[in-house]
Structures are given as structure tokens and as C-alpha cells.
Amino acid sequence: SSLRKTGAIIMTDVPSKTKVSSKIVYQNPWITVREDQTRDLAGNLGVYSYMESRDSCMVVAVDDKERIYLVRGFRYPSQSFGWELPGGGGDSENLLTASKRELEEETGITAQSWNKLGEVYVCNGLMTEKMAVYLARNLSFSGHKEQSGEVFSDMRFFTRDEIDALIAQGEINDCQTLAGLHYYQLWRKDNL
């Protein structure tokens, strides 16, 4: 195992639990819920339940005025409305391809320039899903916007100051969007 020294504390990278067995307790086309029997470092048995789902993508679509495009929608599990970056499920395809598809389907926007900004686990204590964040630039509204079950009540460009205000007011309440916006902020430091 690797050792890292942080001040006076020495940390080892040793998993705190190991899998003894695993069973599927629920499955549909989008998710699988697993229940694993685990053993901790002291040898005690336990149960850990988690969800496997396909990887996903979020798109930071930026226009020539450096404004970012957001969509506002209702999320059933949290029973909340909020502003989000366009994105969604990867549908088992290349995540750049999925990002292009999701941006066009949700907003009608296509982009000439694409950069991968980063990749992060969505909720690593509960899910296996990883999310890729892509930057889309040189935008056009020439794409085909799909009418699907996912309905957005509004969508438009925002300045960075307006986005900061939305975050402060709780109008952006989605961790995936916050991660995508942070990746873009880091990219801007090195590229603009």
C-alpha cells in the first residue's frame, strides 16, 4: 500500500471494506441495485448497498460573450426545480458522442469545438456512475431539439456573475452542475 504523510498523520491507502459476496436486489434498464456482504479491517461482516448506473456527461456550452447556457427543470426524486448544465446519461456510448447528442437534444445547440474538462464520480458513496464534463464552444442553434419526457421550463445563457448569484440563491442545486462549472473555472485559468 502507498503511504502519504499529512502533517503528523500517516495515511495508508487500504480499503476499509472488502467484498465477500454480491447479489442484485433490483434491476431495470437504467440501474442495478446491489447488496454486497462485506468484511471490514477487523474482520467483521456487514452489508453495503449501492447502485450501478451508466456513466453520464454534462456540457458547459459557452458563447462568444463567455456566457454559459443553462436549462431549468423539475427533478422528481428531490421534488425541486433548478438550473443545470445540459447533459444526461451516456447510453453506453462514447461520452463525447453522448455530450454532443445530449446538448443538441435538450437545447438544439451544436458546437464546432469540444474539450474534455474532467471526470468525476457522481456520488461515490452510493453509485458507480462517473460523469465526464465537456466544454462546447463555437455554438450554433442549428441542431434538432427533441421533444422528450424531460421538459425544461426555461433555458438561456447566463454570465458568470449571474451564475454566482443563482448558486448563492440555491437556484443551482445540482452537484453535477456545480462540478461542471468548477471544471470550467479551472480551464479558464489556464486557457484565457
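How many aromatic pairs does the count come to? It comes to seven aromatic pairs. The model shown here is predicted. We will meet some of those pairs along the way, together with strands, a surface patch and salt bridges.

Take one of the ring pairs to begin. A pair of aromatic rings is described by the distance of the centres and the angle of the planes. The ring centres of Tyr 48 and Tyr 50 lie 6.5 Å apart, and their planes meet at 55°. The pair is therefore tilted, since that class takes in angles that are neither under 30 degrees nor over 60. The two residues differ in cover. Tyr 48 is partly exposed, at 32% relative accessibility. Tyr 50 is buried, because its relative accessibility of 14% is under 20%.

A second pair joins Trp 83 and Phe 158. This one is edge-to-face. The centres are 4.8 Å apart, with 75° between the planes. Where do the two rings sit? Trp 83 is in strand β8, residues 80-84. Phe 158 is in strand β12, residues 152-158. The pair therefore ties together parts that lie 75 residues apart in sequence. Trp 83 is buried, with a relative accessible area of 5%. Phe 158 is buried too, with a relative accessible area of 5%. Rings can also link up into a group: ring pairs join Tyr 69, Phe 141 and Phe 157 into a cluster.

Now turn to the strands. Strands of a sheet pair through backbone hydrogen bonds, either parallel or antiparallel. One open sheet here has three strands, in the order β3-β4-β5, and its pairing is antiparallel. Its edge strands are β3 (17-27) and β5 (45-53), each of which pairs on one side only. On average, neighbouring strands in this sheet are turned by 25° against each other, direction ignored. Strand β4 spans residues 31-40 and is joined to β5 by nine bridges, in the antiparallel sense. Within that pairing, Arg 34 has Tyr 50 of β5 as its bridge partner. This is the buried tyrosine of the tilted ring pair.

Arg 34 also has a side-chain partner. Side chains of opposite charge can pair when their charged atoms come close. Arg 34 forms a salt bridge with Glu 52, and the closest N and O atoms are 3.0 Å apart. Why does this contact tie separate parts together? Glu 52 belongs to β5 and Arg 34 to β4, so the pair links parts 18 residues apart in sequence. Glu 52 is partly exposed, at 28% relative accessibility.

Further along the chain, β11 (residues 130-140) pairs with two strands, β6 and β10. Strand β6 covers residues 56-61 and runs parallel to β11, with six bridges between them. There, Ser 56 has Met 131 of β11 as its bridge partner. Strand β10 covers residues 110-121 and pairs with β11 in the antiparallel sense, over 10 bridges. Here Lys 116 is the bridge partner of Tyr 134 in β11.

Lys 116 brings us back to charge. The whole structure holds 12 salt bridges. One of them joins Lys 116 to Glu 119, with 3.0 Å between the closest N and O atoms. Lys 116 is partly exposed, with a relative accessible area of 46%. Glu 119 is partly exposed as well, at 34%. Other salt bridges share partners: they join Glu 93, Arg 101, Glu 102 and Glu 105 into one network. Within it, the side chains of Arg 101 and Glu 102 meet at 3.0 Å, N to O. Are these two residues buried or exposed? Both Arg 101 and Glu 102 are buried.

Helix α1 spans residues 95-107 and contains Glu 104. This glutamate is partly exposed, with a relative accessible area of 27%. Glu 104 and Leu 178 are 74 residues apart in sequence. In space, 21 Å separates their C-alpha atoms.

Last, look at the surface. Which residues make a nonpolar surface patch? Phe 74, Tyr 76 and Phe 81 do, over about 360 Å². Phe 74 is found in strand β7, residues 68-75. Phe 74 is partly exposed, with a relative accessible area of 36%. Patch residues need over 30%, so Phe 74 meets that cut-off.

How values were computed
Residues numbered from 1 in each chain as written. Predicted model: local features only at pLDDT ≥ 70, side-chain atom pairs only at ≥ 80, totals over all residues. Heavy atoms only, no water. Pairing = 2+ DSSP bridges. Helix = DSSP H or I, 4+ residues; strand = E, 2+ residues; numbered from the N terminus. Axes fitted to C-alpha atoms, helices over the stretch in contact; angles between N-to-C directions. Patch = residues over 30% accessible without salt bridge, like charges linked within 9 Å, V, L, I, M, F, W, Y side chains within 5 Å. Areas by Shrake-Rupley, 256 points an atom, 1.4 Å probe, with all protein chains shown as cover. Salt bridge = Lys/Arg side-chain N within 4 Å of Asp/Glu carboxyl O. Buried < 20%, exposed > 50% of the residue type's maximum accessible area, 1.4 Å probe, protein only. Phe/Tyr/Trp six-rings, centres within 6.5 Å; stacked < 30°, edge-to-face > 60°.
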